Amino acid sequence: MESTMRSIGEMARASGLSPGTLRFYDGAGVFVPAEVDRHTGYRWYADEQLPDARLLARLRRVGMPLAGITRVLTGSPAEARAELDAHLRRLEDGLTDARRELSTVRALLDSREFPVPQTRLTVPAPALAAALDAVRFAAPADAALPAVAGIFLDAEDGVLHLVATDRYRLAVADCPADLDGPPVSALLPTALADAARALLDDAEEAELTLDGGRFTIRAAGRALSGERAEADFPDYRRLLRLEPTHRITLTAAQLRALPEDTDADTPTATLTATPADALPDTPAPDGLLVHVNRDFLLEAAGTAEQLVLELGGPIGPLAIRFPARADTFSLLMPIAR
């Protein structure tokens, strides 16, 4: 029995997708028409494609990324279910983030009427020094980047998260902290962070106080103060929830031995993930290439003797983890080639 063909307008009305959306998914190779008239360019869809079109419309309504939609439509039933589970986790994490942000907004609104109590953090000085050293490479001092020119401090539940980014790379390090006062998030200007780091070498303990818009750092009998940076920091928590497909373990010597692409505008290292590096039960290609700034990669690695690189695709962020420092984590944006 010959299949009935539908025009793009008919498929749009039947599926809930607009004609423009159908054209977009055709161009992306996600959902292509059964036939395209070579003279007029009109797209024609078979009746058998309608269930997938309706499925695509539902996935689009819940915000599934393009790559995920492709895996659901083209993968095995097990791969499709894994993709749905992964997206559900992303949505739940996003809801957690939204609740946290709304809670912060409520606190800011309350502060207009009632003074905000100061927050005091007591931290081991060596742990704070190590955390500052681990993220400093990603913290620009350039005033042309006011939104990120500093180190973001995010204190909660006995942990102080330190985060820095210049929009090309991101670094996160944690250290234990005793919190006296409400949870706090604030951007510590880079210059003040560098001055604070200089206080820590001879100290056992450090105290950070945020009172309104002012930081005070005390260690080894010395103190310094400065204003917090009044800028919004990127949502770093969302960037940390990556779903890698490949994992590569390198020694420091192997990392330094990566060849440099001298033909590129920037010093570039090419990372090659083979089928042996693919994570189990992960819908992923057999292998992939990722190009990153070689200098940035070496800076992120620091003095680590061994590191683990997690790859999720040629255009996804490269995650850098350290077996010896579970509380430290970095991301590098790839270079398009």
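This passage describes a pocket, a helix pair and a small set of paired strands in a predicted model.

The second largest pocket has a volume of about 1100 Å³, and among the 31 residues that line this pocket, those closest to its centre are Arg-71, Arg-90, Leu-242, Glu-243 and Gly-312. At least two lining residues are supplied by each of α4 (66-74), α5 (77-113), α8 (236-240) and β17 (306-311), and the largest share, six residues, comes from α5. Sorted by class, the lining of the second largest pocket comprises 15 nonpolar, seven polar and nine charged residues.

Towards the beginning of the numbering, helix α1 (residues 8-15) packs with helix α2 (residues 19-27) at an angle of about 105 degrees, the two axes lying 9 Å apart; α1 is therefore roughly perpendicular to α2. Ile-8, Met-11 and Ala-12 of α1 make the contact with Pro-19, Leu-22 and Arg-23 of α2, so that, by class, this contact has five nonpolar residues, one charged residue and no polar residues.

An open sheet is formed by three strands in the order β14-β15-β16, with antiparallel pairing. Its edge strands, each of which pairs on one side only, are β14 (260-261) and β16 (288-293). Strand β15 (residues 268-273) is joined to β16 by six bridges, and these two strands run antiparallel; Thr-272 has Leu-289 in β16 as its bridge partner. Helix α10 (residues 294-301) packs on this sheet, where α10 touches β14, β15 and β16, and the direction of α10 makes about 85 degrees with that of β16.

Technical notes
Residues are numbered from 1 along each chain as its sequence is written. This is a predicted model: local features need pLDDT of at least 70, side-chain atom pairs count only at pLDDT 80 or more; totals for chains, interfaces and linings use all residues. Side-chain values use heavy atoms; hydrogens and water are left out. On a 1 Å grid over the protein atoms alone, a cavity is a set of points where a 1.4 Å probe fits but cannot get out, and a pocket is an open set with protein on both sides within 12 Å along at least five of seven lines; lining residues have an atom within 4 Å of a point. Grid points are joined across faces, edges and corners, and a volume is the space filled by probe spheres set on the points. Helices (H or I, at least four residues) and strands (E, at least two) are DSSP runs, numbered from the N terminus. Axes are lines fitted to C-alpha atoms, for helices over the stretch in contact, and angles run from 0 to 180 degrees between N-to-C directions. Angles under 35 degrees count as roughly parallel, over 145 as roughly antiparallel, 65 to 115 as roughly perpendicular and the rest as oblique. Contact means heavy atoms within 4.5 Å. Two strands pair if DSSP finds at least two bridges between them.
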